[in-house]
Amino acid sequence: MTSDSWPLTSITMTSNSMTVRVRFAPSPTGYLHIGAARSALFNWLFAHQMGGKFLLRIEDTDLQRSTDESTRSIIEGLEWLGLVYDEDIVFQSDNAEKHRSAARKLVAEGKAYRDFTPKEQREDKSVKQGIVDRARAHAAEGIDHRSNQYRDLAGEESERRAAAGEPFAIRLKVAREGVSRFADIVYGDQERAFSEIEDLVLLRSDGHPLYNLSVVLDDIEMGITHVIRGQDHLTNTHKQILLYQAFGKEVPQFAHLPLILAPNKAKLSKRKHGEVVSLTTYRDRGFVPAAFRNFLALLGWTPPPGGKEILTVAELVQQFSLDQIHRAPAIFNFQESDPRHWTDDKALWMNAEYIRTMPLAELLPMVKTELRAEKLWREEYDEDESAWIETAVDLIRQRFFTLKDFSSQGRAYFSEDFDFDDAAVRKNILKEPKLNELLPLLADRLETVEPFSAAQAEAALRAFTDEAGVKAGLLINASRTMLTGQAVGPSMFEVFEIIGRERSAMRLRSQRPWHEFS
RNA sequence: GGCGCAUUGGUGUAGUUGGUUAACACGCUGCCCUCUCAAGGCAGAGAUCACGGGUUCGAGUCCCGUAUGCGCUACCA
């Protein structure tokens with residue numbers, strides 16, 4: 001793909017002198033949500049494509065809800081996805097004092113004012129309901145929601161009351177007439193009448209700076225050129241632009257990302273949907289980071305027409321483009337009740353695709369970590385048996401979906417302590433009583449095979465079944481279950497070779513199905 | 001309540017200046033391969049492009065309305 005056939009947006013390329021600086025700014029109030037992870041990815045991709053910087057800012061101004069543990073999980077999550085941030089992490093709470101003085105400066109300049117209205121008691125209902133009720137009441141009584149008796153209070157009077165210790169909040173003075181406009185890179189031209197915008201609170205009466213003030217100030221200080229974030233911030237962007245203007249600063253470019261919703265098009269929430277929305281779940285349930293990153297990239301963004309969907313990071317960086325992001329929310333498809341579809345099918349498919357096609361050398365360390373965690377890793381695998389483990393992993397990875405499968409379905413390759421699948425035993429073993437005698441005989445025969453290769457094992461088994469007058473398939477399938485506990489798996493002769501002569505013979509003679517299932 | 005955004009097969013999407021049988025991926029069905037299950041190959045089902053109007057010779061694509069969903073509207077972030 002040449003740059004001619006795939007031009008970058010004019011908006012993002014207008015000034016080459018300006019280095020792109022973007023940030024990911026999560027609030028540390030829980031684990032890293034996949035929607036947030038996707039925002040981080042898009043910011044990172046954009047930064048890398050433009051040769052810019054990707055920064056991390058922790059928005060920990062809500063002291064009650066922010067936790068260090070959450071901050072750690074965010075950092076770990078980014079690391080797992082390979083999204084390395086440039087420069088030091090900015091903690092928003094460190095800047096609170098600067099935010100306060102900036103708000104006071106706005107008051108001094110007459111761009112903001114002190115609001116002495118006593119803080120409203122929060123009623124015992126949902127925030128949303130409170131907003132609706134207030135709006136309805138105002139409409140019914142003909143009250144302009146923007147009327148505030150302190151907006152035009154004389155300066156001296158305001159000073160005097162403040163000096164007297166009367167508590168006040170600071171609100172931005174939003175122009176009465178006019179319209180706010182900006183061009184969102186994804187959502188296009190945005191317009192909002194000032195009459196729709198209430199004078200927003202900048203500083204709470206306890207001196208705590210509020211979100212809209214803090215983001216703007218921090219983004220200015222960090223030199224952010226492009227704000228790439230969730231669509232839930234789209235409408236509030238007008239307020240933030242007002243603040244950039246009040247501070248006399250250049251307004252950055254905005255690109256809002258479509259939200260990620262649950263299958264019923266409801267908001268994807270940790271409370272309702274649990275662990276599927278947490279990034280760490282994917283790590284803990286055996287996802288390959290590159291696979292999940294690839295999947296995440298496809299939530300709300302499409303590669304250029306005709307392109308493939310399985311993309312390396314380098315390809316992602318090269319092909320990524322903010323104007324290929326679409327506006328409709330992405331639906332994250334999963335069925336909580338069905339373990340086979342616990343997360344999006346396509347994510348699962350993509351992970352399987354990565355597991356079976358990625359370079360073995362990259363996969364092995366992940367498999368090692370998994371086997372270690374399940375106490376299935378033996379030190380020999382690092383030394384004398386390194387060739388063996390490579391062959392074994394390469395053989396079994398062909399039909400695995402997650403790294404977990406190496407320790408569950410793949411357990412029999414690494415340990416004698418494996419379970420028999422009930423259905424497999426019934427179908428492949430118990431159905432045919434003769435097997436009770438035939439399997440040990442097959443073991444005897446296999447012990448004579450030299451060398452113990454797949455081809456030799458096949459020749460021996462087929463000769464044996466011919467002599468015994470049974471179908472080869474009968475003993476092949478029975479062997480599979482005897483050796484692996486399962487009804488499915490790789491070509492059986494490869495399995496013989498990998499399991500080896502001794503272990504194969506031993507398992508064929510084990511009689512375990514008759515002991516455990518009779 | 002107000003304002004905003006969205007709406008293409010089960011899911012993710014393409015279709016960017018309106019122009020032949022609406023394209024791709026996942027999933028699903030069947031066949032081939034075969035020692036099983038996958039993978040792979042081949043074939044197929046599945047969309048009156050949310051609904052209703054309008055503009056036009058012609059609309060998924062433009063305009064208006066309706067519905068639904070979501071977001072924002074807070075001394076939350």
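**Figure 1. The largest cavity of this predicted model.** In this close-up of the predicted model, the largest cavity has a volume of about 80 Å³, and the count of cavities of 30 Å³ or more comes to two. Its lining is made up of Ile396, Arg399, Phe400, Gln409, Gly410, Tyr413, Thr484, Gln486, Val488, Gly489 and Pro490. When these lining residues are divided by class, five are nonpolar, five are polar and one is charged. One of the lining residues, Arg399, appears again in the next view, where it is listed among the closest residues to RNA strand B.

**Figure 2. The protein surface around RNA strand B.** RNA strand B is surrounded by 65 residues, and the closest of them are Lys128, Glu198, Arg204, Arg399 and Ser491. Of the atoms of RNA strand B that come within 4 Å of the protein, 64% belong to sugar and phosphate. By class, the surface near the strand has 25 charged, 23 nonpolar and 17 polar residues. Several helices and strands each supply at least two residues of this surface, namely α5 (127-141), β5 (169-172), β7 (188-193), β12 (330-331), α13 (345-357), α21 (472-484) and α22 (492-499). Which of these elements gives the largest share of the surface near RNA strand B? The largest share comes from α5, which supplies seven residues.

**Figure 3. Three side chains in contact with RNA strand B.** In the side chain of Lys128, an N or O atom is 2.4 Å from a base oxygen of RNA strand B. The side chain of Arg171 instead has a polar atom that lies 3.1 Å from a phosphate oxygen of the strand. For Lys346, a polar side-chain atom lies 3.4 Å from a base nitrogen of RNA strand B.

**Figure 4. The second largest pocket.** This pocket has a volume of about 410 Å³, and its lining consists of 14 residues, of which Pro339, Arg340, Trp342, Leu348 and Phe401 lie nearest its centre. The helices α13 and α16 (404-407) each supply at least two residues of the lining, and the largest share, three residues, comes from α13. By class, the lining has six charged, five nonpolar and three polar residues. The helix α13 is thus a link between two views, as it also supplies at least two residues of the surface near RNA strand B.

**Figure 5. An open sheet of three parallel strands.** The strands of this open sheet follow the order β1-β2-β3, and their pairing is parallel. At the edges are β1 (21-24) and β3 (90-91), each of which pairs on one side only. Between β1 and β2 (residues 53-58), which run parallel, there are four bridges, and Arg21 has Lys53 as its bridge partner in β2. In a regular strand, the side chains alternate between the two faces of the sheet.

**Figure 6. The hairpin of β6 and β7.** Here β6 (residues 179-184) pairs with β7 in the antiparallel sense, over six bridges, and the two strands are joined by a hairpin through three residues. To follow the pairing in the view, one may begin at Val179, whose bridge partner in β7 is Ala193. The strand β7 also supplies at least two residues of the surface near RNA strand B.

**Figure 7. The aromatic pair of Phe116 and Phe168.** A pair of aromatic rings is described by the distance of the centres and the angle of the planes. The count of aromatic pairs comes to 21. For Phe116 and Phe168, the ring centres are 5.7 Å apart and the planes stand at 65 degrees, so the pair is edge-to-face, the angle being over 60 degrees as that class requires. The pair links distant parts of the chain, 52 residues apart, with Phe116 in the loop between β4 (112-115) and α5, and Phe168 in the loop between α6 (155-163) and β5.

**Figure 8. Two details of the backbone, at Pro451 and Glu87.** Most residues other than glycine have a negative phi, and most peptide bonds are trans. Glu450 and Pro451, however, are joined by a cis peptide bond, with an omega of about -5 degrees, and Pro451 has its place in the loop between α19 (435-447) and α20 (454-468). Glu87, although it is not a glycine, has a positive phi of about 65 degrees, and Glu87 lies in the loop between α3 (68-81) and β3.

Methods
Residues numbered from 1 in each chain as written. Chains lettered and ligands numbered in written order. Predicted model: local features only at pLDDT ≥ 70, side-chain atom pairs only at ≥ 80, totals over all residues. Heavy atoms only, no water. Near = heavy atom within 4 Å. Polar contact = N/O pair within 3.5 Å; in protein donor to acceptor, adjacent residues only side chain to side chain. Nonpolar A, V, L, I, M, F, W, Y, C, P; charged D, E, K, R; others polar. 1 Å grid on protein atoms, 1.4 Å probe; cavity = no way out; pocket = protein on both sides within 12 Å on 5 of 7 lines; lining within 4 Å. Points joined across faces, edges and corners; volume = space filled by probe spheres on them. Pairing = 2+ DSSP bridges. Phe/Tyr/Trp six-rings, centres within 6.5 Å; stacked < 30°, edge-to-face > 60°.
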